[in-house]
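Reader: I would like a close look at one part of this model, the nonpolar core, with enough of the overall build to place it. Please keep it plain.

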Amino acid sequence: MAISQYRNLMWDLAVIFAVLSPFTLIMGYYSRRRFHALLKAPLNEEVEQETHDWEHRVRRWTILEFLVPGLSILSFIAWLVLSHLSAGVS
């Protein structure tokens with residue numbers, strides 16, 4: 001009984017992370033575009049602060065761009081393993 005609950009949880013997580021993957025890709029693209037636009041802007045104190053902030057956002061979204069699809073794949077693999085185990089138990 002516990003294996004089927006974990007199997008269902010892994011499937012749900014795989015679907016949730018798969019749905020979030022395009023969002024992270026879009027936000028990563030947007031943050032890189034914004035950062036590069038700020039690099040081309042005339043330099044003043046406000047632009048320098050915004051550039052610094054967007055540089056950190058680019059780093060954060062880039063990490064999420066790799067992490068979220070990877071978690072989806074790992075959850076799917078765990079779902080496959082648990083499906084195989086629950087089929088052997090029944």
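Reader: To begin with the overall build, what radius of gyration does the protein have, and what would a compact globule of 90 residues have? Then, which residues make up the largest nonpolar core?

Author: This is a predicted model. The radius of gyration of the protein is 20 Å, whereas a compact globule of 90 residues would come out near 12 Å. Along the principal axes, the C-alpha atoms occupy a box of roughly 70 × 15 × 10 Å. The protein contains two helices and zero strands. Of its 90 residues, 23% count as buried.

Now the core. The largest nonpolar core has five residues in all: Phe35, Leu38, Val47, Trp54 and Val58. Both helices take part, with α1 (2–40) and α2 (45–89) each supplying at least two of these residues. The largest share, three residues, comes from α2. As a general point, nonpolar side chains in soluble globular proteins tend to be buried together.

Val47 is a useful residue to follow within this core. Apart from neighbours within four places in sequence, Val47 is in contact with Leu38, Ala41 and Pro42. Of these partners, Leu38 is itself one of the core residues.

Back at the level of the whole chain, take the contacts between residues at least 6 apart in sequence: 77% of them join residues at least 24 apart. The protein exposes about 6700 Å², and carbon and sulfur atoms supply 69% of that area. As for charge, there are 8 positive and 8 negative side chains, with the centres of the two sets 9 Å apart.

Definitions and conventions. Residues numbered from 1 in each chain as written. Predicted model: local features only at pLDDT ≥ 70, side-chain atom pairs only at ≥ 80, totals over all residues. Heavy atoms only, no water. Helix = DSSP H or I, 4+ residues; strand = E, 2+ residues; numbered from the N terminus. Rg over C-alpha atoms; globule rule 2.2 N^0.38 Å. Buried < 20%, exposed > 50% of the residue type's maximum accessible area, 1.4 Å probe, protein only. Contact = heavy atoms within 4.5 Å. Areas by Shrake-Rupley, 256 points an atom, 1.4 Å probe, with all protein chains shown as cover. Lys, Arg positive; Asp, Glu negative; His and termini not counted. Charge placed at Lys NZ, Arg CZ, Asp CG, Glu CD. Core = buried A, V, L, I, M, F, W, Y, C linked by side-chain atoms within 4.5 Å.
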